Each structure stands twice: as C-alpha cells, then as structure tokens.
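Student: I have a structure open and would like to learn how to read its helix packing. Where should I begin?

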Amino acid sequence: MTPRGQRKYSEEFKNTIVELYNSGKNLSELSSKYGISNSTISSWLKKAKPIEVIFILQ
C-alpha cells in the first residue's frame, strides 16, 4: 500500500517519461505537464541509466 498522497505509476508510464526526457524534453516541462515532481522524474532517470560493465582482459 502506498503512503497517503503518494501515487503509484506503472513501469510503462515511467519509461514513457524517461523516453520523453531523452528525446529533449526538460524536467520542468515534464513536471508541469504530467504533475510529477522533478525529484521523482530524476529518480526514474537514474534507475533507467544502463549499467556500464567493464571487462578487464588479463
């Protein structure tokens, strides 16, 4: 159960917001259009970053 006043967003919606950001929309624009805080969008962006794997050859 989510805390009072906190919304639950689907993964599809989160991915859409991340894609919009990556296509050139800024945080303020997305925040005001969709009613999501900048910090929430920022956390989605951090989670969506690909993990960089470095192989060390010996």
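Tutor: Begin with a pair of helices in this predicted model. The axes of α1 and α3 lie 10 Å apart at an angle of about 90°. Angles from 65 to 115 degrees count as roughly perpendicular, so α1 and α3 are roughly perpendicular to each other.

Student: Which residues of α1 and α3 meet?

Tutor: On the α1 side they are Phe13, Lys14, Ile17, Val18 and Tyr21. On the α3 side they are Ile41, Trp44, Leu45 and Ala48. Sorted by class, this contact of α1 with α3 has 8 nonpolar residues, no polar ones and 1 charged one.

Student: At what angle do α1 and α2 pack?

Tutor: Helix α1 covers residues 11-22 and helix α2 covers residues 27-34; they pack at about 140°, with axes 10 Å apart. Angles over 145 degrees would count as roughly antiparallel. At about 140°, α1 is therefore oblique to α2. Their crossing is right-handed. From α1, the contact uses Phe13, Ile17, Leu20 and Tyr21, and from α2 it uses Leu27, Leu30 and Tyr34. By class, the residues of this contact are 7 nonpolar, no polar and no charged.

Student: How many polar residues are in the contact of α2 with α3?

Tutor: Take the geometry before the classes. The axes of α2 and helix α3, which spans residues 38-48, come within 9 Å and cross at roughly 115°. This crossing is right-handed. Leu27, Ser28, Leu30 and Ser31 of α2 make the contact with Asn38, Ile41, Ser42 and Leu45 of α3. The contact of α2 with α3 divides into 4 nonpolar, 4 polar and no charged residues.

Student: What should I look at around the two ends of α2?

Tutor: Look for side-chain to backbone approaches at the start, and for backbone angles after the end. At the start of α2, the backbone nitrogen of Ser28 has a side-chain oxygen of Asn26 within 3.2 Å. After α2 comes Gly35, with a positive phi near 70°.

Student: Now single residues. Is Ile17 buried or exposed?

Tutor: Compare the relative accessible area with the cut-off: buried means under 20%. Ile17, in helix α1, has 1% relative accessibility and so counts as buried. Leaving out residues up to four places away in sequence, Ile17 touches Leu30, Tyr34, Ile36, Ile41 and Trp44.

Student: And Ser31, buried or exposed?

Tutor: Ser31 lies in helix α2. With a relative accessible area of 17%, Ser31 is buried. The side chain of Ser31 also makes a polar contact with the side chain of Asn38, at 3.4 Å. With residues up to four places away in sequence again left out, Ser31 touches Ile36, Ser37, Asn38 and Ile41.

Student: How far apart are the C-alpha atoms of Ile17 and Ser31?

Tutor: Separation along the chain and separation in space are two things to read side by side. Ile17 and Ser31 are 14 residues apart along the chain, and their C-alpha atoms are separated by 9.6 Å. For Lys8 and Glu19, 11 residues apart along the chain, the C-alpha separation is 19 Å.

Student: Where does Lys8 lie, and is Lys8 buried or exposed?

Tutor: Lys8 belongs to the segment before α1. Exposed means over 50% relative accessible area, and Lys8, at 70%, is therefore exposed.

Terms used. Residues numbered from 1 in each chain as written. Predicted model: local features only at pLDDT ≥ 70, side-chain atom pairs only at ≥ 80, totals over all residues. Heavy atoms only, no water. Axes fitted to C-alpha atoms, helices over the stretch in contact; angles between N-to-C directions. Helix = DSSP H or I, 4+ residues; strand = E, 2+ residues; numbered from the N terminus. Parallel < 35°, antiparallel > 145°, perpendicular 65-115°, else oblique. Left-handed = near helix turned anticlockwise from the far one by under 90°. Contact = heavy atoms within 4.5 Å. Nonpolar A, V, L, I, M, F, W, Y, C, P; charged D, E, K, R; others polar. Polar contact = N/O pair within 3.5 Å; in protein donor to acceptor, adjacent residues only side chain to side chain. Buried < 20%, exposed > 50% of the residue type's maximum accessible area, 1.4 Å probe, protein only.
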